[in-house]
Amino acid sequence: QVQLVESGGGLVQAGGSLRLSCAASGRTFSSYAMGWFRQAPGKEREFVAAISKSGGSTYYADSVKGRFTISRDNAEKQVYLQMNSLKPEDAGGYYCAADAVYITTRVSSIDYWGQGTQVTVSS
């Protein structure tokens, strides 16, 4: 089992940057693939980024590729999402996710979720 707590959300101007953090508790953090999803008001939760168990492979939604970077520090049990060149359409709740196999784009297949952190982008 793993518990996830996100932090780092807040207000930012369009074109600015934020770094989100996800702190994980559990004895086998390195056994989980990790990812980030987001959900804007009135929309479905959507895949943003994923990282493999060792951190050796990363995957991104087309909408954020080139602007966002996912990383992890297994020693500190942390996952990060560096968000640059933010746009108003990036706003919403950002959720950390963990899976014992791998992160897919299907929300229903994810094993564990954090509570979310809010990102607001002003134009």
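Visitor: In what order do the four strands of the open sheet lie, and is their pairing parallel or antiparallel?

Guide: Strand order is read across the sheet, not along the chain. In this predicted model, the open sheet of four strands runs β1-β3-β8-β7, and the pairing is antiparallel.

Visitor: Which strands are the edge strands?

Guide: Look for strands that pair on one side only; here these are β1, residues 3-7, and β7, residues 68-73. From one strand to the next, the twist averages 15°.

Visitor: How many bridges pair β3 with β8?

Guide: Bridges are followed along two neighbouring strands. Strand β3 spans residues 18-25 and strand β8 spans residues 78-83; six bridges pair them in the antiparallel sense. To set the register, take A23, which stands opposite Q78 in β8.

Visitor: Now β11. Which strands are joined to β11 by bridges, and in which sense does each run?

Guide: Take each partner in turn. Strand β2, residues 10-13, is joined to β11 by four bridges, and the two run parallel. Within that pairing, G10 has V119 of β11 as its bridge partner. Strand β9, residues 92-99, is joined to β11 by three bridges, and these two run antiparallel. There, Y94 has T117 of β11 as its bridge partner.

Visitor: Which residues of β11 are on the covered face, and which on the uncovered one?

Guide: Sort the residues of the strand by face. In β11, residues 117-122, the covered face holds T117, V119 and V121. The uncovered face holds Q118, T120 and S122. Both bridge partners named above, V119 for G10 and T117 for Y94, are listed on the covered face.

How values were computed
Residues numbered from 1 in each chain as written. Predicted model: local features only at pLDDT ≥ 70, side-chain atom pairs only at ≥ 80, totals over all residues. Heavy atoms only, no water. Pairing = 2+ DSSP bridges. Axes fitted to C-alpha atoms, helices over the stretch in contact; angles between N-to-C directions. Buried < 20%, exposed > 50% of the residue type's maximum accessible area, 1.4 Å probe, protein only.
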